[in-house]
Amino acid sequence: MKFSFLAVIALVALAFLGANLGSGMQYLFGVIIPYVAFFLFIGGFIYRVTQWAKSPVPFSIPTTSGQGKSLPWINHAKLDNPSTIGGVIGRMALEVFAFRSLFKNTKAEIHDGPKLTYESSKWLWIAGLTFHYCFLIIVIRHMRLFTNPMPFFIEPLEYLDGFLQVTVPALYITDLLFVGAVTFLFVRRLVNPQVRYISFAADYFPLFLILAIATTGILMRYVIRVDIVGIKELTMNLATFSFAAPPANLGSTFFIHLFLICALMAYFPFSKLMHLGGVFLSPTRNMPNDSRMVRHINPWNDPNIKPHSYAGYEDEFREFMAGAGLPLEKELPPEEPEEPAEAEETAAEGEAAQETPAE
Amino acid sequence: MYDSKLVITGLAIFVILMTFPLWYNGGNAGDLPKVEKPTNYKQCVEDAAYMRTSHMVLLDDWRDEALREGKREKVKAGDIEVEKSLMNGCMMCHVDKAKFCDQCHQYAAVKPYCWDCHFVPKETL
């Protein structure tokens, strides 16, 4: 945690230096690094997803969190244990848009007795959902700086987000909720001993980074107040590949904000944040539970190795098994000592017929 | 790659969404705001850099002082004195809302609620 915090502080210091060491450094931090970071983000994301897509799924492993499809008079939990593609889409949509698996989160406690209790725990779900939706709205809202003229949805979004009409410039509701949610997600890692035990730099660093991005953004809007027209000039240049020098007097805070976002974009594909793409590629979520209807072929299988059923196995080794006194499903044919040659022939024929794979 | 059709479709949607600003503008950054500056007066109540970033705070403070506390003493702007008022102060020099206020506000998607109460001055009125 200390190292994650210091790493974010180091990034802030680096950007501060970059903003104040002349126009060349401003060009590096304002134009070159954003392009590199964006390229890393898109390229790294595609790389990670294709790597995942190249990994075979050897078994049918959907999570079965409800009654599977069974006899017609047994209620089938269609969303918790989908058996069709439609059901999978339904379960996935609820997971992606409503974080349903977090909604089922429970808290286990031991009381006197001893007695183990489980109670519903919705705090992680509500904070996670708030955080993600606020982040989405904030990113969409930022498109006002990257489009000219603005698309139709920016103005209503700005209006709704600033609906409270307190402070000048108007306070965004998402800013408040966002900082609150990230703070909760951070404090949760400190307060809960079990969660703290499994929290590492990869968990703390993105939280600190995102909190620093939010803080600089909020500072620029409500406290320091920056030249928004100058900033939009730079961001529009970025969006149109003009490679022009950043306007003067944008201020250190802006460069820190921009550099931290670049750090987040570059870090994103190589971190846990890839759950953005990963949620769609989770075999436990995206497979239908239809293993009783469709045979899942392991892609690892060598096509030259044919399935070998027990019946075929017994046919191959029947004599040896009988010799070793092992139980057999099908006994050896009764010996007929007077015509030994014929008996051998029929046994061989039977073997040949049963060698065809059971599948 | 397994399920390549689905994966490539998903990645295409991702790239299209993420590169929204790159294709939406079509490489055209549009016009920068053209602010019409007053010709008769040279100096504002604060310097230009402050006014550019923080004029809304100044207006908000003026509103509180003038309307809630009754402090309506005039403010110095160079040689002249200006009323603490949007209509009678600011717009004495910056006469045209469309050519001054709206220029940057539209560029930056800012919709101040000044004009919820104030009438937009019309020259024909």
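**Helices, loops and buried residues**

Biologist: Phe99(A) counts as buried at 13% relative accessibility; in which loop is the place of Phe99(A)?

Modeller: This is a predicted model, in which local features need pLDDT of at least 70 and side-chain atom pairs count only at pLDDT 80 or more, whereas totals for chains, interfaces and linings use all residues. Residues are numbered from 1 along each chain as its sequence is written, chains are lettered from A and ligands numbered from 1 in the order in which they are written, and side-chain values use heavy atoms, with hydrogens and water left out. Buried means under 20% relative accessible area, exposed over 50% and partly exposed in between, with a 1.4 Å probe and protein chains only. Helices (DSSP runs of H or I, at least four residues) and strands (runs of E, at least two) are numbered from the N terminus, and Phe99(A) is placed in the loop between α3 and α4 of chain A.

Biologist: What is the phi of Phe99(A)?

Modeller: Phe99(A) is not a glycine. Its phi is nevertheless positive, at about 50°.

Biologist: Which residue of chain B, other than glycine, has a positive phi near 45°?

Modeller: The residue is found in the segment before α1 (4-18) of chain B. With 57% relative accessibility, it counts as exposed. The residue with this phi is Asp3(B).

Biologist: How are α1(A) and α2(A) oriented to each other?

Modeller: Helix α1 (residues 2-20) and helix α2 (residues 22-54) of chain A pack at about 130°, their axes 6 Å apart. Axes are lines fitted to C-alpha atoms, for helices over the stretch in contact, and angles run from 0 to 180 degrees between N-to-C directions. Under 35 degrees counts as roughly parallel, over 145 as roughly antiparallel, 65 to 115 as roughly perpendicular, and the rest as oblique. The orientation of α1(A) and α2(A) is therefore oblique.

Biologist: How many charged residues are in the contact of α1(A) with α2(A)?

Modeller: Contact means heavy atoms within 4.5 Å; Leu14(A), Ala15(A), Gly18(A), Ala19(A) and Asn20(A) in α1(A) meet Gly22(A), Met25(A), Gln26(A) and Phe29(A) in α2(A). Those residues comprise five nonpolar, four polar and no charged. Ala, Val, Leu, Ile, Met, Phe, Trp, Tyr, Cys and Pro count as nonpolar, Asp, Glu, Lys and Arg as charged, and the others, Gly among them, as polar. The number of charged residues is thus none.

Biologist: By what distance are the C-alpha atoms of Ala19(A) and Phe254(A) separated?

Modeller: Ala19(A), in helix α1 of chain A, is buried with a relative accessible area of 7%. Leaving aside neighbours within four places in sequence, Ala19(A) is in contact with Gln26(A), Ser252(A) and Phe255(A). Ala19(A) and Phe254(A) are 235 residues apart along the chain, and their C-alpha atoms are separated by 8.7 Å.

Biologist: Which residues of chain B are in contact with Thr240(A)?

Modeller: Thr240(A) lies in the loop between α10 (228-239) and α11 (252-267) of chain A. At 10% relative accessibility, Thr240(A) counts as buried. Leaving aside neighbours within four places in sequence, the contacts of Thr240(A) are Asn25(B), Gly27(B), Asn28(B) and Ala29(B).

Biologist: What is omega of the cis peptide bond that joins Gly113(A) and Pro114(A)?

Modeller: Pro114(A) is found in the loop between β1 (106-111) and β2 (115-120) of chain A. The cis bond joining Gly113(A) to Pro114(A) has an omega of about -15°.
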